[in-house]
Amino acid sequence: MARFNLTGGSIHNVALNAAFLAAASDARQVTMALIFEALRAEFRKLDKPVNEAEFRLLGVVGSAP
């Protein structure tokens, strides 16, 4: 996540939201896909553009809703 320009508070939000997503899923494990799903949500909340090319470069499975 160092590639993305985020404050400590935003990083905290991403981690917490990924944990909630994991708790709601069947696997109940925080995965990179869930972290990046939470990261996309944080970008939307901050009105920052989501560059899906960066996510693909990192090999993250899944796309933005």
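Accessible areas here come from the Shrake-Rupley method with a 1.4 Å probe.

**Figure 1. The whole chain, surface and core.** What you're looking at is a predicted model. Its accessible surface adds up to about 4400 Å², and carbon and sulfur atoms account for 58% of that. As for the inside, 26% of the 65 residues count as buried.

**Figure 2. The fold, element by element.** The chain has three helices and zero strands. Read from the N terminus, that gives the order α-α-α. How much of the contact set joins residues at least 24 apart? Taking contacts between residues at least 6 apart in sequence, the share is 48%.

**Figure 3. Helix 1 crossing helix 2.** Here we zoom in on helix 1, residues 8-24, and helix 2, residues 32-45. Their axes come within 8 Å and cross at roughly 130°. That angle makes helix 1 oblique to helix 2, because it falls outside 65 to 115 degrees and isn't over 145. As for the hand of the crossing, helix 1 passes helix 2 in a right-handed way.

**Figure 4. Side by side at the contact of helices 1 and 2.** Which residues meet here? Helix 1 brings Ser10, Asn13, Val14, Asn17, Ala18, Leu21 and Ala22. Facing them from helix 2 are Leu34, Ile35, Glu37, Ala38, Leu39, Glu42 and Lys45. Sorted by character, the residues of this contact come out as eight nonpolar, three polar and three charged. The nonpolar set includes Val14, Leu21 and Ile35, while Glu37, Glu42 and Lys45 are the charged ones.

How values were computed:
Residues are numbered from 1 along each chain as its sequence is written. This is a predicted model: local features need pLDDT of at least 70, side-chain atom pairs count only at pLDDT 80 or more; totals for chains, interfaces and linings use all residues. Side-chain values use heavy atoms; hydrogens and water are left out. Axes are lines fitted to C-alpha atoms, for helices over the stretch in contact, and angles run from 0 to 180 degrees between N-to-C directions. Helices (H or I, at least four residues) and strands (E, at least two) are DSSP runs, numbered from the N terminus. Angles under 35 degrees count as roughly parallel, over 145 as roughly antiparallel, 65 to 115 as roughly perpendicular and the rest as oblique. A crossing is left-handed if the near helix is turned anticlockwise from the far one by less than a right angle, and right-handed if clockwise. Contact means heavy atoms within 4.5 Å. Buried means under 20% relative accessible area, exposed over 50%, partly exposed in between (1.4 Å probe, protein chains only).
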